[in-house]
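Visitor: I've got a model here and would like to know what stands behind the labels people put on it. Could you walk me through a few?

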Amino acid sequence: MRKIFTFFAILTALSCTEETEENSQILTAKFALEGICLNNVFTIEKGSFNKNVVENWQHPETGIIYKNAFKLSDPCKIPNKVKEGDQFKFKILSETTTSDCVVCLAFSPTPSKSLHIEWID
């Protein structure tokens, strides 16, 4: 019984302190393109991250290619002070939350990859 308790105690301690690279790494992104109805495009500019969470995306109307592009999984979380062209710091979060904000249904092209992020001031 004592061995089982020790095993679970160690397992719990390891799971509480282990962080994925995305969660622990502070990255720099750029608000690359402001679309209508919060259909915005962001690009990761600096930092080490899993390349599978973003994509090199070509805007279908302009032909411009955005490297390491993503959209926000919760577009209503963008701070009012962040404007197109601005760079900002953030962390990628593994958990997602539901949003209670309302956005219009007008469409503006965005990458298919979306990230849930924590804004860093």
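Guide: Let's take the labels one by one and check each against its cut-off. Keep in mind that this is a predicted model.

Visitor: Fine. What elements does the chain have, and in which order do they run?

Guide: Two helices and six strands. Starting at the N terminus, the order is α-α-β-β-β-β-β-β. Of the 121 residues, 33% count as buried.

Visitor: Let's pick threonine 43, then. Why is threonine 43 called buried?

Guide: Its relative accessible area is 4%. Buried means under 20%, so threonine 43 earns the label.

Visitor: Where is threonine 43, and what does it touch?

Guide: Threonine 43 belongs to strand β2, which covers residues 41-46. Leaving aside residues up to four places away in sequence, its contacts include Thr28, Ala29, Tyr66 and Phe70.

Visitor: What makes the link between the side chains of threonine 43 and glutamate 45 a polar contact?

Guide: The distance is 2.5 Å, and the cut-off for such N or O pairs is within 3.5 Å. That one passes.

Visitor: On to the rings. How many aromatic pairs turn up in the whole structure?

Guide: Eight. Take phenylalanine 42 and phenylalanine 88, with ring centres 5.9 Å apart and planes at 85 degrees.

Visitor: Why is that pair called edge-to-face?

Guide: Two checks. Centres have to lie within 6.5 Å, and planes over 60 degrees apart count as edge-to-face. With 5.9 Å and 85 degrees, the pair is therefore edge-to-face. The two partners are 46 residues apart, phenylalanine 42 in strand β2 and phenylalanine 88 in strand β5.

Visitor: And what makes the pair of phenylalanine 88 and tryptophan 119 tilted?

Guide: Here the centres are 4.3 Å apart and the planes differ by 40 degrees. Under 30 would be stacked and over 60 edge-to-face, with the rest called tilted, so 40 degrees lands on tilted. This pair also links distant parts of the chain: phenylalanine 88 sits in strand β5 and tryptophan 119 in strand β6, 31 residues apart.

Visitor: How do you know that phenylalanine 88 is buried?

Guide: Same test as before: a relative accessible area of 8% against a limit of under 20%. Phenylalanine 88 is therefore buried, and phenylalanine 42 is buried too.

Visitor: Which residues do the ring pairs link into a cluster?

Guide: Phe31, Phe42, Phe70, Phe88, Phe90 and Trp119.

Key
Residues numbered from 1 in each chain as written. Predicted model: local features only at pLDDT ≥ 70, side-chain atom pairs only at ≥ 80, totals over all residues. Heavy atoms only, no water. Helix = DSSP H or I, 4+ residues; strand = E, 2+ residues; numbered from the N terminus. Buried < 20%, exposed > 50% of the residue type's maximum accessible area, 1.4 Å probe, protein only. Polar contact = N/O pair within 3.5 Å; in protein donor to acceptor, adjacent residues only side chain to side chain. Contact = heavy atoms within 4.5 Å. Phe/Tyr/Trp six-rings, centres within 6.5 Å; stacked < 30°, edge-to-face > 60°.
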